[in-house]
Amino acid sequence: MSKLVIGLTGGIASGKTTVSDQFARLGIDIIDADVIAREVVAKGSPGLMAIVEQFGQGILTPILDLDRQKLRSIVFTDNTKKEWLNALLHPLIRTQMELQTSNAKSPYCILSVPLLVENKLNKTVDRTLVVDVDAATQLKRAMARDNSEQAIIESIIASQATRSERLAVADDIILNTGDRDWLNAQVKDLHQIYLNIVNENL
């Protein structure tokens, strides 16, 4: 098991995956809540069957996968449906996160969770790393990436912790407002800091 668990978070389209991919290239195990969230609703899974029972066959793509964009548009305009979905998925996701974290083999590991602050999971990790960008950049990147309507992206941003709330609990911050080289340099600096913390505690 890793000696140090780093909770990685940031708002939608802040660049969490870009950052976690760079840590992975440095040999660090990544436990990604977004990946786990897809796995627990994979074709044939109990999670997906429960969603179909709740929302009907129309929530599926032609090849019977979950239509994530359609589900997103439903739950982000209806709090009751959003709460139902969260009650279903959060325990499934959390169980897998805990299992994968306990099985991590690198000196430290990254637990990447979009809603780390909102779900108070920052209290379960050793350090919290926030990938920080301004809301205007988030909106622009998310619309380009997801091909979603502006209103949906804005409602997602509004449902998440504010920028100041995330920064208030951050032990470490990566500013993702420059080029890729600058981002990678910040990751490498933190990588060395985390290795030093692990070595000091041996």
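The following exchange between a biologist and a modeller concerns a predicted model.

Biologist: In what order do the five strands of the open sheet stand?

Modeller: The sheet of this predicted model is open, and its pairing is parallel. β2 (29-32) and β5 (172-175) stand at the edges with a single partner strand each, so one side of each is left without a neighbour in the sheet. From one strand to the next the twist averages 25 degrees. Read across the sheet, the order is β2-β3-β1-β4-β5.

Biologist: Over how many bridges do β2 and β3 pair, and which residue of β3 is the bridge partner of Ile31?

Modeller: β2 and β3 run in the parallel sense and are joined over four bridges. Within β3, the residue that partners Ile31 is Leu111.

Biologist: How many residues of β1 are buried, and which of them lie on each side?

Modeller: Six of the six residues of β1 are buried, so this strand is largely enclosed by the rest of the structure. Both of its faces are covered, with Val5, Gly7 and Thr9 buried on one side. On the other side the buried residues are Leu4, Ile6 and Leu8.

Biologist: Which residues are the bridge partners of Leu4 in β3 and of Leu8 in β4?

Modeller: β1 pairs with β3 in the parallel sense over five bridges, and β1 also pairs with β4 in the parallel sense, over four bridges. On the β3 side, Leu4 has Tyr108 as its bridge partner. On the β4 side, the bridge partner of Leu8 is Leu129.

Biologist: Is Leu129 buried or exposed?

Modeller: Leu129 is found in strand β4, and, setting aside residues up to four places away in sequence, Leu129 touches Ile6, Gly7, Leu8 and Thr9 as well as Asp172, Ile173 and Ile174, among others. Its contacts also include Phe23, Leu190 and Tyr194. The C-alpha atom of Leu129 is separated by 21 Å from that of Ala142, which is 13 residues apart from it along the chain. Because its relative accessibility is 0%, and the cut-off for burial is under 20%, Leu129 counts as buried.

Biologist: What angle does the direction of helix α9 make with that of β5?

Modeller: Helix α9 (residues 180-200) packs on the sheet, where it touches β1 (4-9), β3, β4 (127-132) and β5. Its direction and that of β5 make an angle of about 165 degrees.

Biologist: Which residues have the most contacts inside the largest nonpolar core?

Modeller: The largest nonpolar core has 27 residues. The elements that give two or more residues to this core are α2 (33-39), α3 (46-55), α4 (68-75), α5 (79-102) and β3 (108-112). Apart from this core lies another, of 18 residues, among them Val19, Tyr194, Leu195 and Val198. In the largest core, the residues with the most contacts are Ile51, Ile59, Leu71, Ile93 and Met97.

Biologist: Which residues does Met97 touch, not counting residues up to four places away in sequence?

Modeller: Met97 is one of the residues with the most contacts inside the largest nonpolar core. Once residues up to four places away in sequence are set aside, Met97 touches Ile31, Ala33, Ile36, Leu111, Val113 and Leu121.

Biologist: How is α4 placed with respect to α5, parallel, antiparallel, perpendicular or oblique?

Modeller: Leu71, Ile74 and Val75 in α4 meet Asn79, Lys81, Lys82 and Leu85 in α5. The two helices pack with their axes 7 Å apart and at an angle of about 125 degrees. Because 65 to 115 degrees counts as roughly perpendicular and over 145 as roughly antiparallel, α4 is, with respect to α5, oblique.

Biologist: How far does the backbone nitrogen of Thr128 lie from a polar atom of the side chain of Asp171?

Modeller: Asp171 has its place in the loop between α8 (163-169) and β5, and at 44% relative accessibility it counts as partly exposed. Leaving aside neighbours within four places in sequence, Asp171 is in contact with Asp126, Arg127 and Thr128. The C-alpha atoms of Asp171 and Val130, 41 residues apart along the chain, are separated by 8.0 Å. Between the backbone nitrogen of Thr128 and a polar atom of the Asp171 side chain, the distance is 2.8 Å.

Biologist: With the side chain of which residue does the side chain of Glu154 make a polar contact?

Modeller: Glu154 is found in helix α7 (residues 150-159) and is partly exposed, with a relative accessible area of 38%. Its C-alpha atom is separated by 9.4 Å from that of Gln138, 16 residues apart along the chain. The polar contact of the Glu154 side chain, at 2.8 Å, is with the side chain of Gln150.

Technical notes:
Residues numbered from 1 in each chain as written. Predicted model: local features only at pLDDT ≥ 70, side-chain atom pairs only at ≥ 80, totals over all residues. Heavy atoms only, no water. Core = buried A, V, L, I, M, F, W, Y, C linked by side-chain atoms within 4.5 Å. Buried < 20%, exposed > 50% of the residue type's maximum accessible area, 1.4 Å probe, protein only. Contact = heavy atoms within 4.5 Å. Pairing = 2+ DSSP bridges. Axes fitted to C-alpha atoms, helices over the stretch in contact; angles between N-to-C directions. Polar contact = N/O pair within 3.5 Å; in protein donor to acceptor, adjacent residues only side chain to side chain. Parallel < 35°, antiparallel > 145°, perpendicular 65-115°, else oblique.
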